[in-house]
Amino acid sequence: MHDGRSGAVRNDPGRGLTLRTVTAGAVLALIVGAAFAVLLVSIGDLREAWRREQRSAQVLTMANRLERLIIDMETSQRGFALTGQESFLQPWQAAVAAFPGQASELERLVADDPAQHELARRIEAEGTSYIDAYSVPLVRAMRGDRAVARAAETAEGRRRVDTMRGEFDALVAVTLSAARTEQRQSDTAALRAITSGVAGLIASVALIGAYSLYLARAVVTPVRRLAGATRQLTDGDLRARVPERGIGEIRVLERGFNTMAATLDGQREELAASRSRIVTSADQARRRIERDLHDGIQQRLVSLVLDVRTTQATLPPDRPDLAEPLDRLADGLGEAVDELREISRGIHPAILSEAGLGPALKTLARRSPVPVELDVNVPGRLPEPVEVAAYYVVSEALTNTAKHAQAAIVTVRACLEEGTLRLRVSDDGVGGATSGTGSGLLGLADRVEALGGTVTVDSPPAQGTTLHADLPVTGG
């Protein structure tokens, strides 16, 4: 049982091509999907690197703003200390109001980086201390006594500002280092994205090309070969075959086509042999009937005519009343002999068997009611079936011309060319004849085709009729 099931699976013709097609499609989809997955990951990395670069740029911008605020505070309070004018404190006031919010924003930007966050926290603490513990009390003191506050401002302010500027420089250095690292990562991600995209594209194009080539060789080429063989089969070439090199269903199709063509070819050969046997049997029966009529009834009637004439010659003088009836009887028997001779000649002309096709066609030409121009170039005798078929082709053509063509002359040509007897019967009549009507032409076509020949009729209206018949000569 197991072996039988295994054999059934192995011999299943529908699995070969289907399995290969599905497998190739799955591999193609997998490679294309993997390439796009890598490309999407690389694009995600690029977006993340770009986001980090943007954050570093924002950190640098915010650090510069905070440093500028500290510088604005120092410059503004120094100008106030020198001039005593309140207008110099406007930048100081704006910087004091903006510093806490911008310092908090800087901490938020660097919250995910411990080193940067520590520096930002220290900057915020030192800046807040500078404002609350030094700058604001100093400005308040300078409003009371500028000379006392100016000396304190000069030393303490510079120290605090220099400390914060060092923190800013450290933050900028760390941020720039991180930015360079992120730039390298961004470049790597971009290179990976380009490489994966190009590799995926090349692999996809190569696999699609290979898949297309496989389909062309496994499906398209065999189908086109089958289509060409089908056209040959349609045109009547039953020897058309295709090589059985396909896969799965294609091989089943090729094998089925070859089997069908071989079956049709064998049936055509059997049909041709059967038709040939029927025609040969009919010719033999006609010849036998003609011989029986000639040797039997016809001879008997001739004897009766002679007996009647002998009886007429020996009539007694006293019986003149018998002379006329015997004379009518002899004439009737003679007419019966002539009619029987004509019937016998139509069944199978004796001259065809005795003298061959040329003299037989001359006899047909003499009997035709329409004048016949005869051109026969057939050296020697031909196979009997060929001579009989040619005789009846010409006979039927002359009969149809006399009945329907209203022709003034008929031309009959017969020649032997390259092993084929070619017949051509043409008239100058009214035309319009077809080979598909009339039992005579159909019977002739059957007879000729049974011998492997062809019959065609060309009969345009008012331009006469021409009958062509080609009969292969296979023996002498």
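A residue counts as buried when its relative accessible area is under 20%. Keep that cut-off in mind as we walk through this structure, which is a predicted model.

Let's start with the whole chain. The protein chain has 476 residues, and 32% of them count as buried. Its secondary structure comes to 11 helices and 5 strands. Now think about contacts between residues with a separation of 6 or more: residues 24 or more positions apart account for 70% of those. As for the outside, the accessible surface comes to about 27000 Å², and 58% of that belongs to carbon and sulfur atoms.

Helix 9 is a good place to put the idea of burial to work. This helix runs over residues 357–367, and its buried residues are Leu 357, Gly 358, Ala 360, Leu 361, Thr 363, Leu 364 and Ala 365. So what covers the buried residues of helix 9? The cover includes two other helices, helix 8 (350–355) and helix 10 (384–405). It also includes strand 1 (372–377), strand 2 (410–417) and strand 3 (420–427).

Next up: charges. Side chains of opposite charge can pair when their charged atoms come close. How many salt bridges does a search of the whole structure find? The search turns up 12. One of them joins Glu 67 and Arg 165, with the closest N and O atoms 3.5 Å apart. Glu 67 sits in helix 2 (residues 16–83) and Arg 165 in helix 5 (residues 146–234), so this pair ties together parts of the chain that are 98 residues apart in sequence. Is Glu 67 buried or exposed? With a relative accessible area of 14%, Glu 67 is buried, while its partner Arg 165 is partly exposed at 37%.

Helix 5 takes part in another link of this kind. Arg 225 forms a salt bridge with Glu 254, and their closest N and O atoms are 3.9 Å apart. Here, too, distant parts of the chain are linked: Arg 225 is in helix 5, Glu 254 is in helix 6 (residues 249–313), and the two are 29 residues apart. Arg 225 counts as partly exposed at 28% relative accessibility, whereas Glu 254, at 1%, counts as buried. Elsewhere, salt bridges that share partners join Glu 373, Asp 375 and Arg 413 into one network.

A salt bridge can also stay inside one helix. Arg 121 and Glu 118 both lie in helix 4 (residues 114–144), 3 residues apart, which is about one turn of the helix. Their closest N and O atoms are 2.7 Å apart in the salt bridge they form. Both ends are partly exposed: Arg 121 has a relative accessible area of 37%, and Glu 118 comes in at 33%.

Arg 121 also matters for our next residue, Glu 107, which is found in helix 3 (residues 90–109). Glu 107 is buried yet has no salt bridge. Why not? Its nearest side chain of opposite charge is Arg 121, 6.2 Å away, and a salt bridge needs a nitrogen and a carboxyl oxygen within 4 Å, so the pair doesn't qualify. Leaving out residues up to four places away in sequence, Glu 107 touches His 117, Ala 120, Arg 121 and Glu 124.

Finally, go back to helix 5 and find Val 205. This residue is exposed, with a relative accessible area of 52%. The C-alpha atoms of Val 205 and Leu 28 are separated by 9.8 Å, and the two residues are 177 residues apart along the chain.

Technical notes. Residues are numbered from 1 along each chain as its sequence is written. This is a predicted model: local features need pLDDT of at least 70, side-chain atom pairs count only at pLDDT 80 or more; totals for chains, interfaces and linings use all residues. Side-chain values use heavy atoms; hydrogens and water are left out. Helices (H or I, at least four residues) and strands (E, at least two) are DSSP runs, numbered from the N terminus. Buried means under 20% relative accessible area, exposed over 50%, partly exposed in between (1.4 Å probe, protein chains only). Contact means heavy atoms within 4.5 Å. Accessible areas come from the Shrake-Rupley method with a 1.4 Å probe; for residues, only the protein chains shown count as cover. Lys and Arg count as positive and Asp and Glu as negative; His and the chain ends are not counted.
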